[in-house]
Amino acid sequence: MYLDQSHDPRKNARLLSQLAYHKVSVKKAVEETNAIFSRIKENTPMPKPSFLKRLRSNVALTDCATYVDEEGHAYPAWKNLLDTEYNHLLKRVRRTVNVKDYGARGDGRTDDTEAFKKAIGSGRVKVYIPAGVFVTKGLQLPSWTYLEGAGKGTTIIKLHHAAPKGTRLITNANYRRGNRNIYIQGMTLDWNVERLGYEQKTATGGNHSSCLTFAHVTFGWIKDVSALNPGLHCFDISSPAYSYAGDGTRARGGSKYIWLDNLNGSGFGDDGITTHHSENILISNCHMCDPSGRAHQKGFSNSNGIEVDDGSRNVWLVNNSTARCFGGVEVKAHHNSSAASNVQIIGHLSVNDNRSYNFRHIGHHTSTDPASQTAYDIRATNIVAIAPIYTNLYTDSNPRGMVISAYNNVVINHFTLIGDPEYDYKGNPVIALQYRARNISLHNIAIRSFQTAGTDIHIFGGTQRADCIKLRNIFIRNSAPQAIYVGTGVQQLAVHNVHARSKNGAYGLKTVNSLPDISEVHATGYKTPILIDGDT
């Protein structure tokens, strides 16, 4: 399978249904995931941060329920509030104008910045942008602004050749006081990276150098938009400044109640879609692929298709796709920031990403690191990983279908992984549970065709072991020599209903100094079907 830059992400739901090993309705799958999640949450005490850190977290959590309609569309409970605010936006609009009536040429040469400023004014306006290439030095949108183009590839807003490297092509106008009710639809955003020539690094730092940035925006919509070759991100939902004040804190002025739908992005220097210190975000039917990685040192580019980053919470990812990125979906944080939390992935297709799904809190992995206070609560349902590969973006990173590090309370339900039987995975694991991950439940997992991998599911032991792991309904066909390997000292391990089949495998289930609760483990075609702490 090859998903190019023009892939229509509105087809993702159908593709996922075709590829999934388990054929089950979205509603039923989500109900299963939520039931499993509720059970593990009952037994997991949350850490209590200091009063100062509670104060600096500054925003209360919202309704985290997920609804699924009769057609199988999943969305968060708070979307009804966003729909109400859309109607408020339409009522507040006093003018509907065409940017060409204010002098814009759209000829790909003329600087149309002033024409846009006149058309937009102080807001309460719907600005139509017809077909053409409109060159600007950056647009700042006030509250109550509706920006509408004629469609992707038809209306193109292109950054001026003299724009500084740190320019955001489109952003909101007031980072300090914030903005509200901004709608952007139907256009291509071209950051014009070619203007930088052969300069290797394309970003200046912070949340600059992106195609579209919402910082301190409440109620925002970005729909039917494509973004090309930004120095940093295609789409960044953020606070005015990134914060590194420590685990348990969040930056002020984060964005909230934002919906991104039917977006395409490619050539990004860092991430396709990213979120920072923001909450209540819905990302649906989007496709991100082929990053340049030029925001980083060559060979060390953590360029992800979709990244839910520092301080983000209450984020829904629904029926998105990624291809040929470092990470397809990465949920993470830097060591000196709060981890993203309460993330729900409902349908995702990863094709040829180096790490299809990567969940981690950097700096909280080893036995000498402090335990993360915030790396909690991820649910993933109906996801697919196809043929993860090595990449020049991050030359020392081995391909994985999934990696979970340092996170607590993670449920993966209905996950299909399909390898390339001709590809050299160099004995690496397909799924890795590691670095103090806790309370992880893998249910309805299907893995096939990773013949050159080392292990299909590797639960790492030792002083940095993963603990409290549940595996249920695992189906493995003609894949790695070891189906399931459990390292030294892993505690509270349950393995139920495993069906592993190999032509010339070594171990079906192998544990070292771990005594799991096991039942219905069936391994055929392995030299040693089951080896529990030295006993077959």
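Trainee: Where does Ser449 lie in this model?

Mentor: Keep in mind that the model is predicted. A loop can be placed by the elements on either side of it. Here, Ser449 sits in the loop between strand 28 (438-448) and strand 29 (455-459).

Trainee: Is Ser449 buried or exposed?

Mentor: The idea is to compare the relative accessible area with a cut-off, and buried means under 20%. Ser449 has a relative accessible area of 16%, so it counts as buried. Leaving aside residues up to four places away in sequence, Ser449 touches Gly419, Asp420, Pro421, Arg477, Asn478 and Ser479.

Trainee: What about the phi of Ser449?

Mentor: The sign is what to look at, together with the residue type. Ser449 is not a glycine, yet its phi is positive, at about 70°. Ser209, also not a glycine, has a positive phi of about 70°. Ser209 belongs to the loop between strand 11 (179-190) and strand 12 (212-215), and with a relative accessible area of 0% it is buried.

Trainee: Let's turn to pockets. What volume does the largest pocket have?

Mentor: Begin with the volume, then ask who lines the space. The largest pocket has a volume of about 590 Å³. Its lining holds 32 residues, and Ala13, Val26, Gly72, His73 and Asn319 are the closest to the centre.

Trainee: Which elements each supply at least two residues of that lining?

Mentor: Among them are helix 1 (12-19), strand 2 (74-76), strand 15 (256-266) and strand 20 (313-323).

Trainee: And how do the lining residues divide by type?

Mentor: The lining of the largest pocket has 14 nonpolar, 12 polar and 6 charged residues.

Definitions and conventions:
Residues numbered from 1 in each chain as written. Predicted model: local features only at pLDDT ≥ 70, side-chain atom pairs only at ≥ 80, totals over all residues. Heavy atoms only, no water. 1 Å grid on protein atoms, 1.4 Å probe; cavity = no way out; pocket = protein on both sides within 12 Å on 5 of 7 lines; lining within 4 Å. Points joined across faces, edges and corners; volume = space filled by probe spheres on them. Helix = DSSP H or I, 4+ residues; strand = E, 2+ residues; numbered from the N terminus. Nonpolar A, V, L, I, M, F, W, Y, C, P; charged D, E, K, R; others polar. Buried < 20%, exposed > 50% of the residue type's maximum accessible area, 1.4 Å probe, protein only. Contact = heavy atoms within 4.5 Å.
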